[in-house]
Amino acid sequence: MTSGTSRRARVLAAAVGTGVLVPLVAAATPASAATPAVTCTSAKAGLAAKLKKDITAALATRKGTVAVGLYDRSTNTTCTLRASTAYDSASVVKVTVLATLLWDAKKTNRYLTDRENTLAKAMTTKSDNAATSTLWKQLGMTKIKGFLTAAGMTQTKPGANGYWGLTQITVTDEQKLLKLLTAKNAVLSDNSRAYILKLMGQVVSSQRWGTPYGVPSGVTVAVKNGWLQRATNGWRVHSVGAFKGGGHDYMITVLTHGNSTMNYGIATIQAVAKVIHKDLAAS
């Protein structure tokens, strides 16, 4: 009798849970509110609407949480999706580490040492983690935070206790960094910018996936990717890239987590990149 009563109570509790509570929650947060929309603006007639439609379509069937940033100087075009959502950086933070190293060297009016050059090249072109850890430790938190402040990257939070791959990044800040790399500014010298873009242009072929996917011929590519699997939110897979040519000067950031595999995340990023390159090339 007692067991039957408790079983009925459990069934009733389950029924209440599914029958009453879930619809109330669903009513309070409709699906449209849970899924932010891609927003685009452009000085070029029709381009914003085309990009919004095509990026949205590219993501329509993809699982995971995706953030997108596009900026094209030539047509003053911007697209964003989840611009301020924070992601574990994985190896994308290596561009920030390199920029910090050069920013700091410029402040003391010195060139990088041969050792620093070797570490910087390994870190950027091969995504060498040991080289990154060495430079991260050398720079220290004060210099890293100093660069982030100078760059206006207010949403970026450096990983604690040497865990640079757990630095919190956003599309907004990654796009700010790419803008600094691709135009004259007071934070990074022209030589520093050229050096970073050169190394990003020499990334080994096995790591040139992501934002360069579908890039038109004759357009230069600078890229850095990141990938990291953790117990929560599955695989983080990210790609940042700067592109110039064909009448355009643009940068793309795609950050993702909640991917079942690394390749799934890559496919999501490349679906977005493909339509962006195509729409800009046609404009």
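# A guided tour of a predicted model

Visitor: Where does S217 lie in this predicted model?
Guide: Welcome! Since the model is predicted, everything here is computed from it. S217 belongs to a loop that ends at strand 6 (220-229). On its other side, the loop of S217 starts from helix 8. The place of S217 is thus the loop between helix 8 and strand 6.

Visitor: Is S217 buried or exposed?
Guide: The relative accessibility of S217 is 74%. Exposed means over 50%, so with its 74% S217 counts as exposed.

Visitor: How far apart in space are S217 and G245, C-alpha to C-alpha?
Guide: Along the sequence, S217 and G245 are 28 residues apart. In space, C-alpha to C-alpha, the distance between S217 and G245 is 8.8 Å.

Visitor: How many helices and strands does the protein chain have?
Guide: The chain holds 283 residues, and buried residues make up 46% of them. Among contacts between residues at least 6 apart in sequence, 65% join residues at least 24 apart. The secondary structure comes to 9 helices and 8 strands.

Visitor: Which helix gives the most to the largest nonpolar core?
Guide: That core has 46 residues, and those with the most contacts inside it include L98, F147 and L181. Several elements each supply at least two residues of the core, among them strand 2 (65-72), helix 6 (129-151) and strand 8 (248-259). With 9 residues, the one that gives the most is helix 4.

Visitor: Which residues does L98 touch, leaving out those up to four places away in sequence?
Guide: L98 is one of the residues with the most contacts inside the largest nonpolar core, and so are Y195 and I196. Both Y195 and I196 are touched by L98. The full set for L98 is A120, M123, T124, Y195, I196 and L199.

Visitor: How many residues are in the other core?
Guide: This core lies apart from the largest one, and its members include V203, V221, Y250 and V272. Its count of residues is 30.

Visitor: Is T96 buried or exposed?
Guide: T96 is found in helix 4. Beyond its neighbours within four places in sequence, T96 is in contact with F147, L148, M153, E174 and L177. Buried means under 20% relative accessible area, so at 5% T96 is buried.

Visitor: Which residues is D128 in contact with, leaving aside its neighbours within four places in sequence?
Guide: D128 is found in the loop between helix 5 and helix 6, and is partly exposed with a relative accessible area of 28%. D128 and K94 are 34 residues apart in sequence, yet 9.4 Å apart in space, C-alpha to C-alpha. K94 is one of the contacts of D128, and the set is K94, A122 and M123.

Visitor: How far apart in space are S133 and M123, C-alpha to C-alpha?
Guide: S133 has its place in helix 6 and counts as partly exposed, at 35% relative accessibility. In sequence, S133 and M123 are 10 residues apart. Their C-alpha to C-alpha distance is 9.2 Å.

Visitor: Which ring does the charged end of R62 sit over?
Guide: For comparison, K179 lies over the face of Y71, at 4.3 Å from the ring centre. The charged end of R62 sits 3.9 Å from the centre of its ring. That ring belongs to Y264.

Visitor: What is the phi of R82, which is not a glycine?
Guide: R82 has its place in the loop between strand 3 (77-81) and strand 4 (87-88). R82 is partly exposed, with a relative accessible area of 22%. Its phi is positive, at about 50°.

Visitor: Where does N109 lie?
Guide: N109 also has a positive phi, of about 55°, although it is not a glycine. N109 is exposed, with a relative accessible area of 72%. Its place is the loop between helix 4 and helix 5.

Visitor: Which elements give two or more residues to the lining of the largest pocket?
Guide: The largest pocket holds about 320 Å³ of space. Residues that line it include L102, A105, N109, Y111, S192 and Y195. The elements that give two or more residues to this lining are helix 4 and helix 8.

Notes: Residues are numbered from 1 along each chain as its sequence is written. This is a predicted model: local features need pLDDT of at least 70, side-chain atom pairs count only at pLDDT 80 or more; totals for chains, interfaces and linings use all residues. Side-chain values use heavy atoms; hydrogens and water are left out. A nonpolar core is a set of buried Ala, Val, Leu, Ile, Met, Phe, Trp, Tyr and Cys residues joined through side-chain atoms within 4.5 Å. Buried means under 20% relative accessible area, exposed over 50%, partly exposed in between (1.4 Å probe, protein chains only). Helices (H or I, at least four residues) and strands (E, at least two) are DSSP runs, numbered from the N terminus. Contact means heavy atoms within 4.5 Å. A charge sits over a ring if NZ of Lys or CZ of Arg is within 6 Å of the ring centre and within 35 degrees of the ring normal. On a 1 Å grid over the protein atoms alone, a cavity is a set of points where a 1.4 Å probe fits but cannot get out, and a pocket is an open set with protein on both sides within 12 Å along at least five of seven lines; lining residues have an atom within 4 Å of a point. Grid points are joined across faces, edges and corners, and a volume is the space filled by probe spheres set on the points.
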